[in-house]
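Grab a pencil and work through these exercises with the structure open beside you. Try each task before you read its solution.

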Amino acid sequence: MKTDKKTDNTNTQIENHPTSQRRCEINGKRFLITRHFEGDKDLSTLMTEIAISRANREMGL
């Protein structure tokens, strides 16, 4: 995986939410990855929600 650090636009402000963009190449295909930060979250609550969602998906619920 190659990344182009010249195009890493960290801390670009859009509607008071920081975003960052990075271009990378994976298996010869180029991708533009955009990350959006929307605020702090409680890690244990987030992990619990992800675990419950995954369990429900695996059980077909």
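A residue counts as buried under 20% relative accessible area, as exposed over 50%, and as partly exposed in between. Keep that scale handy, and remember that this is a predicted model.

**Exercise 1. Lay out the chain.**

Task: work out which elements the chain has and in what order they run from the N terminus on.

Solution. Start with the inventory: there are four strands and one helix. Reading from the N terminus, the order is β-β-β-β-α. Next, look at how the chain is covered. Of its 61 residues, 7% count as buried. The accessible surface of the chain comes to about 5,800 Å², and carbon and sulfur atoms own 51% of that. Finish with the contacts: among those with a separation of 6 or more, residues 24 or more positions apart account for 4%.

**Exercise 2. Take the hairpin apart.**

Task: find how strand 3 and strand 4 run and how many bridges join them.

Solution. First, the direction: strand 3 and strand 4 run antiparallel, with eight bridges joining them. Second, pick out some facing residues. Cys24 sits opposite Phe31 of strand 4, and Ile26 has Lys29 of strand 4 across from it. Third, check the turn. Two residues lie between the strands of this hairpin, and Asn27 has a positive phi there, near 50°. That sign deserves a note, as Asn27 is a residue other than glycine. Where does Asn27 sit? It belongs to the loop between strand 3 (17-26) and strand 4. Last, is Asn27 buried or exposed? Its relative accessibility is 79%, so Asn27 counts as exposed.

**Exercise 3. Follow strand 4 through Leu32.**

Task: place Leu32 in its strand, then say which residues Leu32 touches.

Solution. Leu32 belongs to strand 4, which covers residues 29-36. For touches, skip residues up to four places away in sequence; what remains for Leu32 is Gln21, Arg22 and Arg23. Take Arg22 and compare the two kinds of separation: Leu32 and Arg22 are 10 residues apart in sequence, yet their C-alpha atoms are 5.8 Å apart. Now for the cover. Leu32 has 49% relative accessibility, so it counts as partly exposed. Widen the view to the whole of strand 4: its eight residues include zero buried ones, and the strand is hardly covered.

**Exercise 4. Look for a nonpolar patch.**

Task: which residues form a nonpolar patch on the surface, and what is their accessible area together?

Solution. The members are Ile26, Phe31 and Ile33, and together they have about 240 Å² of accessible area. Patch residues need over 30% relative accessible area, so test one of them. Ile26, at 34% relative accessibility, counts as partly exposed, and it lies in strand 3.

While you're in strand 3, look at Pro18, which is also found there. Pro18 is partly exposed, with a relative accessible area of 24%. Its C-alpha atom is separated by 5.6 Å from that of Phe37, although the two residues are 19 apart along the chain.

**Exercise 5. Check the helix and its salt bridge.**

Task: test the span of helix 1 against 1.5 Å a residue, then find the salt bridge that a search of the whole structure gives.

Solution. Begin with the span. Helix 1 has 16 residues and should cover 22 Å at 1.5 Å a residue; its end C-alpha atoms are 22 Å apart, so the two values agree. After the helix comes Gly60, with a positive phi near 80°.

Now the salt bridge. The search of the whole structure finds one, and the partners are Glu58 and Arg54, with their closest N and O atoms 2.9 Å apart. Why can they meet? Glu58 and Arg54 are four residues apart in helix 1 (residues 43-58), which means about one helical turn separates them. An α-helix has 3.6 residues a turn, so residues three or four places apart point the same way. To close, place Glu58 on the exposure scale: at 59% relative accessibility, Glu58 counts as exposed.

Conventions. Residues are numbered from 1 along each chain as its sequence is written. This is a predicted model: local features need pLDDT of at least 70, side-chain atom pairs count only at pLDDT 80 or more; totals for chains, interfaces and linings use all residues. Side-chain values use heavy atoms; hydrogens and water are left out. A salt bridge is a side-chain nitrogen of Lys or Arg within 4 Å of a carboxyl oxygen of Asp or Glu. Buried means under 20% relative accessible area, exposed over 50%, partly exposed in between (1.4 Å probe, protein chains only). Contact means heavy atoms within 4.5 Å. Two strands pair if DSSP finds at least two bridges between them. The expected span of a helix is 1.5 Å times one less than its number of residues. Patches are made of residues with over 30% relative accessible area and no salt bridge: like charges are joined within 9 Å, nonpolar side chains (Val, Leu, Ile, Met, Phe, Trp, Tyr) within 5 Å. Accessible areas come from the Shrake-Rupley method with a 1.4 Å probe; for residues, only the protein chains shown count as cover.
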